[in-house]
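Thanks for coming. I'll take a few minutes on the packing of this protein and the empty space inside the model. Please have the structure up on your screens.

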Amino acid sequence: MKKKLLGIILLVFLLTGCTQKKYDGVVNVLNWSSYIPDSVIEDFEKEYNIKVHYGTYSSNEELLAKISSSKEGTYDLIFPSDYMIELMKKRDLLNPFDKTKLQNYKNINPRFLNQEYDKANEYSIPFLLATTTLAVNRDNIKEPITSYQDLLNENYRNNIVLIDDQRIIIGAALQALGYNMNDTDETHLEEAYNYLMKLKKNVKAFDSDSPKTFLITKEVDIGLIWNAESILAHEENPNIEIIYPTDGYVLSMDNYAIVKNAKNEENAYLFIDYLLRNEVCQKIIEEYPYISTNRNVGNLSDKEIQTILSHGSYIKNVGDKIKDIDKLWARIK
């Protein structure tokens, strides 16, 4: 009887072992800083026995430089923004997606799919939507602030933090002057330069990693920063007002993308599918409150999302004109 029982237990063990798929290895990720909580990464590593090697960058241009200069296979999964997807596609730096490997792809809100930069989502899958906002400490700033022009007030000398991103800041300058943020007209860019040189007198710091810190520590009273950074600053100090500028603001859709000839592509798919889970998306936006692209997660109604989308603008790939923007940014910085 005991031998029979042991035989049954052994058979169950062998059958279970044969049907349970095992995972191991690594996945090499390059992402924006302060975007995925450490706890989410740790939980993935425990569940799949896959080590996440995690690096960061501060701008799309830095990401492009890292991918372009790295040896093939250095990175597997990256998170480029909209216009950078288009540029990296043209440079053959990305692998197309096999969506059959993503069980949780169905969780994505269709509103965020089929964007102009990748209409069939062949090379990109929406991760989070960020917007630029103005954050104003009303403990010290009493004047109304509604537009970028208001930031030129001489009373704000050395009292502003800006995102350290050339396309966003030059784009904001163009919007302040009434132009499209993707305008590349030489005369308009020169006007944007003049505006930014006036604004620079009021700027204490350029920071893309954690600009909210300047507001929380009261080193500055005004920030042109990401929406999640504004929200987190407001949570620390409820008197920090969050403002969408009347001139316009940036919409930045950051996406999952798999690097060309990724060594650990299957593990990258596992990590993406894990991050697409409803409960994982919820954890992410609780710590980093950007706009979720998950149809089942988030604290904004569909109408609120549509309002934000309708008044903002995406940065676009401007081709060779990027050289003019690079030169302009070098003069400003």
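Take the contacts between residues at least 6 apart in sequence: 77% of them join residues at least 24 apart. Keep in mind that this is a predicted model. Its secondary structure comes to 12 helices and 12 strands. Along the principal axes, the C-alpha atoms fill a box of roughly 90 × 45 × 35 Å.

Next, burial and surface. There are 333 residues in the protein, and 52% of them count as buried. The exposed area is about 16,100 Å², with 49% of that supplied by carbon and sulfur atoms.

Now the interior. Which residues touch the most other members of the largest nonpolar core? They are Phe79, Tyr256 and Leu275, in a core of 104 residues. Let me stay with Tyr256 for a moment. Leaving aside residues up to four places away in sequence, Tyr256 touches Leu77, Ile78 and Phe79, then Phe97, then the run Tyr123, Ser124, Ile125, Pro126 and Phe127, and finally Ile272, Leu275 and Leu276. So two of its partners, Phe79 and Leu275, are the residues listed with it a moment ago. Apart from this core lies another one, of 9 residues, including Leu215, Val220, Ala233 and Ile240.

On to the empty space. Rolling a probe the size of a water molecule over the atoms shows where such space is left. How many cavities of 30 Å³ or more does the structure hold? The count is 5.

The largest cavity has a volume of about 140 Å³. It is lined by 15 residues, and the closest to its centre are Trp32, Ser33, Ser208, Trp226 and Tyr290. By class, that lining has 6 nonpolar, 6 polar and 3 charged residues.

The second largest cavity has a volume of about 90 Å³. Of its 14 lining residues, Phe127, Tyr256, Leu275, Cys281 and Thr293 are the closest to the centre. Strand 5 (125-137) and helix 10 (278-287) are the elements that give two or more residues to this lining. As for class, the lining of the second largest cavity divides into 10 nonpolar, 4 polar and no charged residues.

To tie the two parts together: Tyr256 and Leu275 are among the residues that touch the most other members of the largest core, and both are also among the closest to the centre of the second largest cavity. Tyr256 touches Phe127 as well, and Phe127 is another of the residues closest to that centre. That's all I have.

How values were computed: Residues are numbered from 1 along each chain as its sequence is written. This is a predicted model: local features need pLDDT of at least 70, side-chain atom pairs count only at pLDDT 80 or more; totals for chains, interfaces and linings use all residues. Side-chain values use heavy atoms; hydrogens and water are left out. A nonpolar core is a set of buried Ala, Val, Leu, Ile, Met, Phe, Trp, Tyr and Cys residues joined through side-chain atoms within 4.5 Å. Buried means under 20% relative accessible area, exposed over 50%, partly exposed in between (1.4 Å probe, protein chains only). Contact means heavy atoms within 4.5 Å. On a 1 Å grid over the protein atoms alone, a cavity is a set of points where a 1.4 Å probe fits but cannot get out, and a pocket is an open set with protein on both sides within 12 Å along at least five of seven lines; lining residues have an atom within 4 Å of a point. Grid points are joined across faces, edges and corners, and a volume is the space filled by probe spheres set on the points. Ala, Val, Leu, Ile, Met, Phe, Trp, Tyr, Cys and Pro count as nonpolar, Asp, Glu, Lys and Arg as charged, and the others, Gly among them, as polar. Helices (H or I, at least four residues) and strands (E, at least two) are DSSP runs, numbered from the N terminus. Accessible areas come from the Shrake-Rupley method with a 1.4 Å probe; for residues, only the protein chains shown count as cover.
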